[in-house]
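The following explanation leads the reader through a single protein model. Please keep the sequence and the structure in view while reading.

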Amino acid sequence: MPRKPLIAANWKMHKTSAEVRSFMSAVWPKVSDITDREMLICPPFPYIPLVDELRKSTSILLGAQNLYFEEKGAFTGEVSPPMLKDLGCEYVIIGHSERRGIFGESDELINSKMHAVIKCGIIPVLCVGERKEEREKNLTEQIILKQLEKNLKDLPETAFEKMVIAYEPIWAIGTGLNASTKDAHDAIALIREFIHSKYGDNSAQKTRILYGGSVKPENMKSYMDQEGIDGALVGGASLDPDSYSKLVKY
Ligand code: PEP
């Protein structure tokens, strides 16, 4: 079965409830005819119930941007996998470079989060990618492989039935400096080859691998034309309904 393209919106720490309402009412009429692609919206935690309410009778998927791996307990400020499940989240972004960089998340913590969401039945969108200095030292492949090795450690093969991985070079996120289509293609081929070698052909064929980093309506198609790129994880250009619908309709 061919993999359905996924266009994932990472709203980061943006929008008010009024802006969420206005986005949701504007976007659906623009994309309601699309059936061969999936749309995923990952709002900030407080707006998850609102997006869930407003997406009823649409095919829009719902995700969170982060979570903690424990089920419950004394973890002030954190949100657990069962809570996200309870709120209707089908997906969650894990290991975004802003979590790794600003909040100091380690590969080991990310691995614990991966185990916790798989156990809970939520689909992870695992982000991997190199920093500018690492790229300049030709370490891109090494960094991606190290992150995959550590972040996917000891996951069961069944985790790859619905896994999503996003290749997000850190220097391309929010900078307007998007990766070349060849570099995105090559990094994604490397990721698929890693999954193939560790988890077999079925897992490699089923895993959706996205590109993320300054994707805009103007460059979206050039990525989607690349063999093996199954969609995009988009920050800035996903905030506006017009721009997001153009990404979906690339
Ligand atoms: C992101 O937040 O994952 C991202 C890719 O952001 P942007 O599209 O703004 O570069």
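The text below begins with the sheet, continues with the helices packed around parts of it, and ends with one residue.

The model is a predicted one. Its sheet is a closed barrel of eight strands, in the order β1-β2-β3-β4-β5-β6-β7-β8, with parallel pairing. Direction ignored, neighbouring strands of this sheet are turned by 25 degrees against each other on average.

Strand β5, residues 123–128, offers a useful point of entry to the barrel. On one side, β5 is joined to strand β4 (residues 91–94) by four bridges, and the two run parallel. Within this pair, Val92 has Pro124 of β5 as its bridge partner. Four bridges also join β5 to strand β6 (residues 164–167), again in a parallel arrangement. Here Val128 stands opposite Tyr167 of β6. The path then continues from β6 to strand β7 (residues 208–212) through four bridges, and these strands likewise run parallel. In that pairing, Val164 is found opposite Arg208 of β7.

How many of the six residues of β5 are buried? Six of the six are, so the strand is largely enclosed by the rest of the structure. In a regular strand, side chains alternate between the two faces of the sheet. For β5, one side carries Ile123, Val125 and Cys127, while the other carries Pro124, Leu126 and Val128. Every one of these residues is buried, and both faces of the strand are thus covered.

Helix α7 lies across β5 and β6, and runs at about 150 degrees to β5. This helix, residues 140–151, also meets helix α8, residues 181–206: their axes come within 10 Å and cross at roughly 40 degrees. Because of that angle, α7 is oblique to α8. The crossing of the two helices is right-handed. From α7, the contact is made by Glu141, Ile144, Leu145, Leu148 and Glu149. From α8, Ala187, Leu190, Ile191, Phe194 and Lys198 take part. Sorted by class, the contact of α7 with α8 comprises seven nonpolar and three charged residues, with no polar ones.

A second helix pair can be described in the same terms. Two packed helices are described by the angle between their axes and the distance between the axes. Helix α1 (residues 17–31) and α2 pack at an angle of about 25 degrees, with their axes 10 Å apart. An angle under 35 degrees counts as roughly parallel, so α1 is roughly parallel to α2. The crossing of α1 and α2 is right-handed. The residues in contact are Ser17, Val20, Arg21 and Met24 of α1, together with Leu50, Val51, Glu53, Leu54 and Arg55 of α2. By class, the contact of α1 with α2 has five nonpolar residues, one polar residue and three charged residues.

Leu54 allows this second contact to be followed at the level of a single residue. Leu54 is placed in helix α2, which spans residues 48–55. Which residues does Leu54 contact, leaving aside its neighbours within four places in sequence? They are Val20, Arg21 and Met24, and these three belong to the α1 side of the helix contact. Leu54 and Arg21 are 33 residues apart in sequence, yet their C-alpha atoms are 7.5 Å apart in space. With a relative accessible area of 26%, Leu54 is partly exposed, whereas the residues of β5 are buried.

Methods: Residues numbered from 1 in each chain as written. Predicted model: local features only at pLDDT ≥ 70, side-chain atom pairs only at ≥ 80, totals over all residues. Heavy atoms only, no water. Axes fitted to C-alpha atoms, helices over the stretch in contact; angles between N-to-C directions. Parallel < 35°, antiparallel > 145°, perpendicular 65-115°, else oblique. Left-handed = near helix turned anticlockwise from the far one by under 90°. Contact = heavy atoms within 4.5 Å. Nonpolar A, V, L, I, M, F, W, Y, C, P; charged D, E, K, R; others polar. Buried < 20%, exposed > 50% of the residue type's maximum accessible area, 1.4 Å probe, protein only. Pairing = 2+ DSSP bridges.
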